[in-house]
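Subject: Structure for you to look at, with notes

Dear colleague,

Here is the structure I promised to pass on, and below it you will find my notes on what turned up when I went through it. Please read them with the model open beside you.

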Amino acid sequence: MFRKPITHSLIRPLLLLSPIPLRPFLHKTFTTTPPHHKKHPPAPSQKPSKAHAYGDNTQDKTSSLPFDYSAHFASLEEHCNTHITKLKSDIVKLRAGGRNEPGVLEGLQVTLDKSTGATASLRDIAHVLARGRILVVSVYEAANVKHVIAAIQKADLNVQPMPDPKNAQLINVPLPPPTKETRMQVAEMVGKAGDKTMNLLRLARQDSHKLLKGLKKERPDDIRKADKQLEVVMKKVNAEAKKVVEDAKKGALEN
């Protein structure tokens, strides 16, 4: 017995009578695309404020904070004192004529063995320390003391090394007093060093004055008071620098 094939005319009534709606099978694909995030516009680039030589004292145009005058003048005075400290250090070297520098001896070549010709730099076998107008040489090995003394005597330094009576590995090298001509030269060099420092102080004052005049948000009365305070600070540091130079000149000519 042959079965009658199911035709479209027979399926349609069955679909209508079915209590559950029949849906065709769909081939659904899945993807791994990341969720979409809303893009935010890039933040406007902000240029860092230029720091002033005496601290970050520039006034931000968007800031409502008043200018810190106390911090500015404290930083300015510290900056000026740095120049004065360097001046003092330079004067110490000038008054010694450069001869009390350890490098005067450290570069000498010391003969350790005449038979073999073995030599060594003095800085490799000893340590040199300046104490006023005396160079103190601390030799690492006692056997090399005599070789170091011979090297200093051989060098054209016009000095006479002497063994320390309390320590066999120390050598004292007194420096001769300066001549009148040398003293005058030192006084002249001290004056030039002082002129250089005074010029640096003037530049510091100009920078500070320019910054204060550029404060657009500050009250005119406050800026005028700041100008007066600037003169007080500069008068103080200028007087200190001049005294350092005058004392050094006097000491160079007398000693």
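Which residues does Pro161 touch, not counting residues up to four places away in sequence? Before the reply, please keep in mind that this is a predicted model. The residues that Pro161 touches are Ile149, Ile152, Gln153, Ile171, Asn172 and Val173. Pro161 itself lies in the loop between helix H5 (145–154) and strand S5 (162–163), and its relative accessible area of 4% is under the 20% limit, so Pro161 counts as buried. With one of those partners, Asn172, the separation is 11 residues in sequence and 5.7 Å in space, taken from C-alpha to C-alpha.

The loop between H5 and S5 also holds Asn158, which is exposed, with a relative accessible area of 64%. The phi of Asn158 is near 55°, a positive value in a residue other than glycine. As background, most residues other than glycine have a negative phi.

To step back to the whole protein chain, there are 7 helices and 6 strands, and from the N terminus on the elements follow the order α-α-α-β-β-α-β-β-α-β-β-α-α. Of the 255 residues in the protein chain, 29% are buried, and the accessible surface comes to about 19,300 Å², with 58% of that area belonging to carbon and sulfur atoms. Among the contacts with a separation of 6 or more, 62% are between residues 24 or more positions apart.

The largest nonpolar core has 29 residues, and those with the most contacts inside it are Tyr69, Phe73, Leu76, Cys80, Leu212 and Met234. Helix H2 (69–95), helix H6 (180–213) and helix H7 (220–254) each supply at least two residues of this core, and the largest share, 11 residues, comes from H7. A second, separate core has 21 residues, including Leu105, Leu108, Val128 and Ala155.

If you would like one residue from which to look around the largest core, Leu212 is among those with the most contacts inside it. Leaving aside neighbours within four places in sequence, Leu212 is in contact with Phe67, Tyr69, His72, Phe73, Ile223, Ala226, Asp227 and Leu230.

Two of the residues in contact with Leu212, Phe67 and Tyr69, come up again when one looks for aromatic pairs, of which a search of the whole structure finds 1. The ring centres of Phe67 and Tyr69 are 5.1 Å apart and the planes stand at 75°, which is over the 60 degrees required, so the pair is edge-to-face. Both Phe67 and Tyr69 are buried.

Lastly, there is a hairpin to look at, in which strand S1 (residues 109–113) and strand S2 (residues 118–121) run antiparallel and are joined by 4 bridges. Thr111 has Thr119 in S2 as its bridge partner, while Gln109 stands opposite Ser121 in S2. There are 4 residues between the two strands of this hairpin, and Gly117 takes a positive phi near 75°.

With best wishes

Notes: Residues numbered from 1 in each chain as written. Predicted model: local features only at pLDDT ≥ 70, side-chain atom pairs only at ≥ 80, totals over all residues. Heavy atoms only, no water. Buried < 20%, exposed > 50% of the residue type's maximum accessible area, 1.4 Å probe, protein only. Contact = heavy atoms within 4.5 Å. Areas by Shrake-Rupley, 256 points an atom, 1.4 Å probe, with all protein chains shown as cover. Phe/Tyr/Trp six-rings, centres within 6.5 Å; stacked < 30°, edge-to-face > 60°. Pairing = 2+ DSSP bridges. Core = buried A, V, L, I, M, F, W, Y, C linked by side-chain atoms within 4.5 Å.
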